[in-house]
Amino acid sequence: MGAIELDGLTKDYGEVLAAEDLTFSVETGEIFGYLGPNGAGKTTTIRMLLGFIRPTAGTARVLGNDIRDQKALIDAKRRIGHLSDDQAFDEQATGAEILDLHAAVKGDDRREELLEMFEPPLDRRVREYSSGNVQKLGLVTAFMHDPDLVILDEPTGGLDPLIKHQFAEFLRAERDRGVTVFLSSHILSEVRRLCDRVGIIRDGRLVTVDPIESFLTRSGKVVRINSADPIPIAFVDLEGVHDLETSVPDDETADPETEFTECTFTFTGDINALLARLPDHEMVDVSIEEAPLEDVFLRFYGGGEDV
Amino acid sequence: MFEFARYDARKRVRGSVYLSIGMSLLAAFAVWAYPSYSEAMDMNQLRDAFPEPMIRAFNIETMASLEGFLSVELYMFGWIILLGLYLAYSAASIVADDIDRGRMDTLLSMPVSRQRLATERFAALGVPILLVNVVTPVVVLVSARLIGESLSAADVVALHLLSVPYLFACAGIGLLASVTFDRASIAQRVALGVTFALYLVESLLRGTEYESVGALAPMRYFDPNAVLLDGTYDLAGAAVLVGMTAVLLFASQAWFVHRDI
């Protein structure tokens, strides 16, 4: 049994179909990334899973409990941690008061350990908190009762790079302890650092669910080449080259129809085959970067069509 | 259990102290002002000098005794109108403000039902309601003693006790507005508007052929004049107010549970 199982989960607001017939499952003990552009339906899905909004069709089971059964879902929340995409607390309360309330309702076995890691300023009132501190306090409330499943909506927004890194380490350690993590993001690099599998959602529809490796292979890299001397365009006539753009500076004698000194393309082929060809030419600069998520969507799942 | 009630109750203590001080000052001022009024003029003439709609609106029976004077100046104005509106307004933010500011998801991610959350936070309004009704009668009785007037302590205490279900009923109106509207500012305005409209309906339609409409208004079931002037305690009215509060609370719970947030 998966920790989360969606079965035709749908939310139809009439004028907009926020989630359409979503069916997939999140296995126990994995970090599952729920990836999509802003407005794709990630938060809608999460809010249905937690019972904040009702599906208009289909259902889901969270830790084995049908989300339409409010009582069962409430009981299950003792074993669920949640961080919302717009985490907010009572502004008049101090961080400590917030944690005391959460502790009284659901327990706080791991409070101290988490506070050592995330360190929100507990004595200050929440209204004086920066967005990063609100996020840290939210992470403590999400994990303090040692949940079996955590559902995190854009968890690293507002965190500085050092804490982000710590958080990634922490999340992997949690996964290794058997905790299931369902996290949404619109940032590909975040997901690739953390996740075992990814589900892609776009315009409310599930596009694909893939292990992270095959997703990254399919999504490709952006390659930029800047060479000292003109290179024949045939050099980059390789399988897996997309969206090729080449240019030569105005002062070069090279023919822009057949040669280039600068080029960019997205590459989904074997990176070693490309690298093997580079020493044949004198390079000024070469960069290989992850493709921006929006480009990935457009290229592979363009127009919102199902794959 | 009661974690949310305790949390909210603690948060309400400070405001309740200020509220009690404010209402006590109003009470002390009303008692202190009475002798100079009654010496300066014939209080029956003063009553008659009010325009008829005002006599009706404030249900002014007599001002020729401290009881009658307090009934109008302190209880009709201070309790039925001011405190009634204050409680409706406060209750209106219980749910709507959390939704408005994105805090409701955080609260409901805890293992707590929406019924329990709404009920416990509603119950925490007992802090201002009880505190103001414990402090003010003491101030009223002591002030009356200081100006040499005698007031029935039993009647004053009874009046304040009977105001408790009245104020909870007004808070119930606010709670219903709070679960109906997502924006706290709208919920608050609706709660104020509805509560004041009910007050006007009850006071202005009294004695007309539309009097029965006022049966919906909590103000019908709490009459300071009857307690202070006649010494009669309308327990049936209090029971109606308790029932009204229960109906408003259940309706609010039902709607809150049913709706998307």
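A:Asp146 is partly exposed, because 18 other C-beta atoms sit within 10 Å of its own. On this scale a residue is buried with 20 or more other C-beta atoms within 10 Å, exposed with 12 or fewer, and partly exposed in between, the C-beta atoms being placed from the backbone. A:Asp146 is found in the loop between H5 and strand S7 (149-153) of chain A. Its phi is positive, about 55 degrees, although A:Asp146 is not a glycine. Helices here are DSSP runs of H or I with at least four residues, strands are E runs of at least two, and both are numbered from the N terminus.

A word on what you're looking at: this is a predicted model, in which local features need pLDDT of at least 70, side-chain atom pairs count only at pLDDT 80 or more, and totals for chains, interfaces and linings use all residues. Residues are numbered from 1 along each chain as its sequence is written, while chains are lettered from A and ligands numbered from 1 in the order in which they are written.

Now back to chain A and another residue with a positive phi. A:Glu119 has a phi of about 50 degrees, and it is not a glycine either. Look for A:Glu119 in the loop between helix H4 (111-118) and helix H5 (131-143) of chain A. A:Glu119 is partly exposed because it has 13 other C-beta atoms within 10 Å. A glycine turns up in this story too: A:Gly51, just after H1(A), takes a positive phi of about 80 degrees. Helix H1 itself (residues 42-49 of chain A) is mostly covered, with 8 of its 8 residues buried. The buried residues include A:Lys42 and A:Arg47 as well as A:Ile46, A:Met48 and A:Leu49.

For a buried spot in a strand, go to A:Val26, which lies in strand S2 (residues 17-26) of chain A. A:Val26 counts as buried because it has 25 C-beta neighbours inside 10 Å. Which residues does A:Val26 contact, leaving aside neighbours within four places in sequence? They are A:Gly2, A:Ala3, A:Ile4, A:Phe32, A:Thr180 and A:Phe182, where contact means C-beta atoms, placed from the backbone, within 7 Å. A:Ile4 is 22 residues away from A:Val26 along the chain, yet their C-alpha atoms are separated by 5.0 Å.

Step back and take in chain A as a whole. It has 10 helices and 14 strands, and its C-alpha atoms fill a box of roughly 75 × 45 × 35 Å along the principal axes. Of its 307 residues, 38% count as buried. Among contacts in chain A between residues at least 6 apart in sequence, 71% join residues at least 24 apart. The chain is divided into domain 1 (4-211) and domain 2 (221-290), with bounds that come from an automatic or database domain assignment. The centres of the two domains, taken over C-alpha atoms, are separated by 42 Å.

Next, cross over to chain B. At the meeting of the two chains, 16 residues of chain B are in contact with 21 residues of chain A. On the chain B side, helix H1 (3-40) and helix H5 (104-108) each supply at least two residues. That side divides into 6 nonpolar, 4 polar and 6 charged residues; Ala, Val, Leu, Ile, Met, Phe, Trp, Tyr, Cys and Pro count as nonpolar, Asp, Glu, Lys and Arg as charged, and the others, Gly among them, as polar.

Finally, the cores. A nonpolar core is a set of buried Ala, Val, Leu, Ile, Met, Phe, Trp, Tyr and Cys residues joined through C-beta atoms within 7 Å. The largest nonpolar core has 140 residues, and B:Leu87, B:Ala91, B:Ala171 and B:Leu175 touch the most other members. Helix H4 (residues 66-100) of chain B gives the most to this core, with 20 residues. Apart from it lies another core, of 8 residues, including A:Phe260 and A:Cys263. Leaving aside neighbours within four places in sequence, B:Leu87 is in contact with B:Leu125, B:Ile129, B:Leu167, B:Cys170, B:Ala171 and B:Gly174.

One more residue to visit is B:Ala169, in helix H8 of chain B. B:Ala169 is buried because 29 other C-beta atoms lie within 10 Å. Not counting residues up to four places away in sequence, B:Ala169 touches B:Pro218, B:Leu241, B:Met244 and B:Thr245.
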